[in-house]
Each structure stands twice: as C-alpha cells, then as structure tokens.
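Subject: Handing over the structure

Hi there,

Here is the structure I promised to pass on to you. My notes on what turned up follow below it.

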Amino acid sequence: MAAAARVLTAAGAMQGSHAGKCGLLFQRRPFAARPGAVHFRSKGLHKACRALYQPDIQIKEEGQPETLDYRAFFLDGSGKKISPWHDVPLHLGDGVFNFIVEIPKETSAKMEVATDEPFTPIKQDTKKGKLRYYPYNINWNYGLLPQTWEDPSFSNEEVDGAFGDNDPVDVVEIGDARGKIGQILKVKPLAALAMIDEGELDWKIVAISLDDPRASLVNDVDDVEKHFPGTLTAIRDWFRDYKIPDGKPANNFGLGNKPASKEYALKVIAETNESWAKLVRRSVPAGELSLA
C-alpha cells in the first residue's frame with residue numbers, strides 16, 4: 001500500500017460484553033469553545049465499559065516514518081481531517097481523559113503534534129533541518145492531553161514564576177502495554193511533575209490507561225510508589241537528564257522537586273483546558289499556532 005494511503009485506526013476495536021452498548025451510553029453535544037467539536041458525557045460509564053469505547057477516528061499516514069515528510073493525520077468517520085489537539089475531546093467524565101500517544105514506549109524518535117501546521121498532524125520534531133531523537137529510548141508511552149494549552153503569557157507563581165511552554169500538556173502513561181503513534185487511550189491522572197525546561201514550565205502528567213491490569217490499584221501519587229515502585233523517580237530523572245548527552249544542562253523541577261498529587265494534576269488539567277478554550281476563542285493571541 002502506498003505511503004500516502006496508509007490508514008490506521010486511532011484505537012483498537014471494541015471488545016467484550018459491553019461492546020455493543022457503550023456507544024449508546026454517550027451523549028453528544030457541541031463543545032462551546034470549539035465550534036463543530038464534540039464532547040462526550042460519560043458519568044459512571046467507565047466502570048462498565050472502561051477503555052473499550054473507541055472514537056470513530058482513523059490515522060492517515062503520509063510519507064515514510066523517520067523522514068522529514070512523515071505526517072500522521074487524524075480523520076473523522078467521514079474521512080475529513082480533524083485536529084488531534086483541538087477536535088478530540090479532553091473529558092470523558094468521572095476523572096477519565098483522552099490521551100493521544102505521540103511517542104510509544106521503548107522508542108526514541110521525538111514525535112510531536114505539529115501545533116503550527118493545519119490540522120496539527122503528528123510529525124517527527126526537527127532541529128536545524130535534521131530529525132530529532134532522544135539519546136535513549138523513553139520507557140513509557142508519551143503524548144498529550146487534547147484541548148489543553150500551556151499559556152506562554154501566564155506566569156505560574158507556584159512554580160518559580162515560570163511561563164507556559166506554548167504546547168499542549170504532556171502525559172507520561174505508565175501502563176505495561178506499548179502504544180502506537182496516534183492511538184487514543186482513556187487514562188486517569190495520578191500525579192504531576194512541574195518540569196522547567198530552559199525557563200519554561202512543561203507539565204508532565206503521570207497517568208495510567210484504564211485497560212492496564214493494575215489500573216484499579218492506583219488512584220493517587222502514593223499508590224504509584226506502592227504498585228510501581230521507583231517509577232516516579234525514574235520519570236523525573238529521565239526528563240531531568242535527557243538533554244545532558246547533547247551538552248545541555250539538566251532540566252529543573254518545581255514544587256520541591258517532588259511529584260504533586262492527583263488533585264493537583266486535575267487542577268493543572270482544568271487550568272490548561274481553560275487556557276486552551278481562550279486560545280480557540282481567540283481571546284488571546286495565537287501567534288503561529290494553528291487553530292484549524
């Protein structure tokens with residue numbers, strides 16, 4: 001199949017006894033801040049269906065992976081391009097959120113949503129015209145929370161007055177399964193790390209897929225240390241040190257260099273979702289960011 005015609009599903013097919021019923025339990029309504037987008041109200045639903053509900057979204061890959069031309073576009077059910085950043089809903093209810101995988105665990109290509117391109121496809125980041133790679137594999141699924149934005153004009157006094165990094169909020173998903181580029185997982189946040197990268201605030205929300213066998217065991221930061229011992233320290237150290245091999249200084253962390261609680265993580269998500277809503281309403285300057 002030609003590279004321009006590779007079409008993948010954004011998430012696997014529904015399985016299990018609830019597969020025929022989950023879709024009927026969701027209610028659609030327009031998302032006020034994003035005309036044409038949809039919000040799924042699912043109070044109590046994840047207890048029955050968990051992460052089995054899959055949005056009707058496909059991934060169309062253009063170009064070959066690990067080339068400058070590679071793009072992973074998101075398509076809706078009619079085949080129309082949509083933005084993974086702006087059009088995939090954030091909230092699923094009951095503290096469950098959509099998470100979009102940009103970098104699958106145990107890979108090193110630095111993939112990211114192209115926030116300055118129409119429909120914000122996923123591409124490999126570049127520097128001086130060359131593809132970027134981490135110096136070693138990342139050990140967790142890494143990606144973004146849709147419909148969030150770290151406002152570069154906002155100084156967070158709780159984190160050394162650092163300004164937002166102008167990107168969606170990052171997620172580190174600690175489950176066992178390896179994701180795929182563009183895959184949409186249903187996750188619950190567990191903790192937050194306040195990374196400061198060259199003076200910019202770059203939140204890392206630690207979360208777990210609802211499909212993970214240990215998901216029911218972890219509900220807050222202390223549970224992570226109990227059931228995934230050493231993971232929070234490993235995440236902090238990985239992001240602290242990954243630029244050192246390139247001759248750059250280590251990144252810093254605010255909030256006492258410690259992971260914050262689930263409650264704090266939810267606050268970060270709510271605040272950055274509000275910032276995103278202002279962005280797409282054009283209440284704040286978008287600069288070079290694509291709102292398509």
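A residue is called buried here if its relative accessible area is under 20%. Tyr264, at 17% relative accessibility, therefore counts as buried. Please keep in mind that this is a predicted model.

First, the overall picture. The protein chain has 4 helices and 21 strands, and 52% of its 292 residues count as buried. Of the contacts in the chain with a separation of 6 or more, 69% are between residues 24 or more positions apart.

Now the aromatic rings. Searching the whole structure gives 8 aromatic pairs. One of them joins Tyr134 and Trp238 edge-to-face, with 4.9 Å centre to centre and 80° between the planes. This pair links distant parts of the chain: Tyr134 belongs to strand β14 (residues 133-138) and Trp238 to helix α3 (residues 231-241), 104 residues apart. Tyr134 is buried, at 7% relative accessibility, and Trp238 is buried too, at 6%. Another pair, Trp203 with Tyr264, is tilted, with 5.9 Å centre to centre and 50° between the planes. Because Trp203 lies in strand β20 (residues 200-209) and Tyr264 in helix α4 (residues 262-280), the pair ties together parts that are 61 residues apart in sequence. Trp203 has 4% relative accessibility, so Trp203 counts as buried.

Ring pairs also build a cluster out of Tyr134, Tyr136, Tyr142, Trp238, Phe239 and Tyr242. Two charged residues sit over ring faces. Lys267 lies over the face of Tyr264, at 4.6 Å from the ring centre, and Arg214 lies over the face of Phe228, at 3.9 Å from the ring centre.

On to the charges. Side chains of opposite charge can pair when their charged atoms come close. The structure holds 18 salt bridges, and these three may interest you:

- Lys204 and Asp170 meet through their side chains at 2.7 Å, N to O. The bridge connects distant parts of the chain, with Lys204 in strand β20 and Asp170 in strand β18, 34 residues apart. Both Lys204 and Asp170 are buried.
- Arg132 and Asp125 form a salt bridge at 2.9 Å, N to O. Arg132 is partly exposed, with a relative accessible area of 26%, whereas Asp125 is buried at 11% relative accessibility. Arg132 and Asp125 also belong to a network of salt bridges with Lys110 and Glu112.
- Arg240 and Asp237 form a salt bridge at 3.3 Å, N to O. They are 3 residues apart in helix α3, so about one helical turn separates them. Arg240 is partly exposed, with a relative accessible area of 29%, as is Asp237, with 22%.

Finally, a residue I would like you to look at. What is the nearest side chain of opposite charge to Glu173? It is Lys105, 6.7 Å away, and Glu173 is buried yet has no salt bridge. A salt bridge needs a side-chain nitrogen of Lys or Arg within 4 Å of a carboxyl oxygen, so a distance of 6.7 Å does not qualify. Glu173 does have a polar partner: a polar atom of the Glu173 side chain lies 2.7 Å from the backbone nitrogen of Gly175. Glu173 is in strand β18 (residues 170-173). Leaving aside residues up to four places away in sequence, Glu173 touches Phe99, Trp140, Asn141, Leu185, Val187, Ala207, Ile208 and Ser209.

Happy exploring, and best wishes!

Conventions. Residues are numbered from 1 along each chain as its sequence is written. This is a predicted model: local features need pLDDT of at least 70, side-chain atom pairs count only at pLDDT 80 or more; totals for chains, interfaces and linings use all residues. Side-chain values use heavy atoms; hydrogens and water are left out. Helices (H or I, at least four residues) and strands (E, at least two) are DSSP runs, numbered from the N terminus. Buried means under 20% relative accessible area, exposed over 50%, partly exposed in between (1.4 Å probe, protein chains only). Lys and Arg count as positive and Asp and Glu as negative; His and the chain ends are not counted. A polar contact is a pair of N or O atoms within 3.5 Å; within protein, one must be able to donate a hydrogen and the other to accept it, and residues adjacent in sequence count only if both atoms are side-chain atoms. Contact means heavy atoms within 4.5 Å. Rings of Phe, Tyr and Trp (its six-membered ring) pair if their centres lie within 6.5 Å; planes under 30 degrees apart count as stacked, over 60 as edge-to-face and the rest as tilted. A charge sits over a ring if NZ of Lys or CZ of Arg is within 6 Å of the ring centre and within 35 degrees of the ring normal.
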